[in-house]
Amino acid sequence: MTQLPCRHYYLAAFLSATLNHVVLAIYCSSPAMQWYRIDGKPCRAQSVVETNPLLQIETRADSSKGIVLFQDIDFLGHMNNARYLRECDFARLSLYIRNGLLHATRKLKANMVVGAATIRYRRSLHLFEQFRIRSRILCWDEKAFYIEQEFISCKDSFVCATMLCRQNVLYSTPDKLLQLLCKRKVECPDFPDEVLLWTKYNQASSARLRA
């Protein structure tokens, strides 16, 4: 067997290691990696309805774990503002898979889109800092669910950011989704004060843009 010269061996080893790091970096920055950043394992769409048809969806919260990586930070050294919204997208998907709403939406051939969102930042998340996102459905009306999502630092349980999201339901209604999911009529909880004020702002904004 022909042996490589020493310098060629080291060059080949260096190129191989560099290629491995490049591939790993590309994978870690890809959307596929987000599945592993939520609870450390891929989320699989499964019917939660079949195993627990009477979920108390109005009080159920879902917690997704994450960590700040290199692709998340900006030139100031903390997680970029836009990354919070991306993390919220995956956390909401986790919520809908686990509480069965995704299954109910597909069964009724409906769809859900974000109609409005607002986020308030309270403290920065830094490189390699671990956090969890607590997502829960606060209330709903005839057109949309209202979701609260909180970024909670794992080191001291401080709420670093809080977000409100209006998840519009297309081709169906929240009531129909919940009746299919829970096999009963689900009463909507009272709207929190901040959600009432936020909906008034959205209505005023819509009225101004239509004028």
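Student: What pattern does the chain follow, read along the sequence?
Tutor: First, this is a predicted model: local features need pLDDT of at least 70, side-chain atom pairs count only at pLDDT 80 or more, and totals for chains, interfaces and linings use all residues. Residues are numbered from 1 along each chain as its sequence is written, and side-chain values use heavy atoms, with hydrogens and water left out. You'll find seven helices and five strands in the chain (DSSP runs numbered from the N terminus: H or I of at least four residues for helices, E of at least two for strands). Put in sequence order, that reads α-α-α-β-α-α-β-β-β-β-α-α.

Student: What percentage of the 211 residues is buried?
Tutor: Buried here is under 20% relative accessible area, exposed is over 50%, and partly exposed is in between (1.4 Å probe, protein chains only). Going by that cut-off, the buried part of the 211 residues is 39%.

Student: Which element gives the most residues to the largest nonpolar core?
Tutor: A nonpolar core is a set of buried Ala, Val, Leu, Ile, Met, Phe, Trp, Tyr and Cys residues joined through side-chain atoms within 4.5 Å. The largest one has 31 residues, and Leu101, Leu125, Phe145 and Phe151 touch the most other members. Several elements supply at least two residues each, including helix 5 (101-107), strand 2 (111-121) and helix 6 (174-182). With six residues, the top contributor is helix 4.

Student: Which residue caps the N-terminal end of helix 4?
Tutor: Helix 4 has 19 residues and spans 28 Å from first C-alpha to last, close to the 27 Å expected at 1.5 Å a residue (1.5 Å times one less than the number of residues). At its other end, helix 4 is followed by Gly100, with a positive phi near 95°. At the N-terminal end, a side-chain oxygen sits 2.8 Å from the backbone nitrogen of Ala82, and the residue it belongs to is Asn80.

Student: What arc do the buried residues of helix 7 cover around the axis?
Tutor: The residues in question are Val195, Trp198, Thr199, Asn202 and Ser205. They lie on the same side of helix 7 because of how little of the circle they take up, taking the arc as that of the directions from the helix axis to the C-beta atoms. On the other side, Asp193, Leu197, Lys200, Tyr201, Gln203 and Arg208 are exposed. The buried set covers an arc of only 120°.

Student: How far apart in space are Leu164 and Leu138, C-alpha to C-alpha?
Tutor: Leu164 belongs to strand 5 and counts as buried, at 13% relative accessibility. Its contacts (heavy atoms within 4.5 Å), leaving aside neighbours within four places in sequence, include Ala116, Leu138, Val195 and Trp198. Those two leucines are 26 residues apart in sequence, yet their C-alpha atoms are separated by 9.5 Å.

Student: With which side chain does Gln167 make a polar contact at 2.7 Å?
Tutor: Gln167 is also in strand 5, and at 4% relative accessibility Gln167 is buried. A polar contact is a pair of N or O atoms within 3.5 Å; within protein, one must be able to donate a hydrogen and the other to accept it, and residues adjacent in sequence count only if both atoms are side-chain atoms. One such partner of the Gln167 side chain is Arg92, at 3.2 Å. At 2.7 Å, the partner is the side chain of Tyr96.
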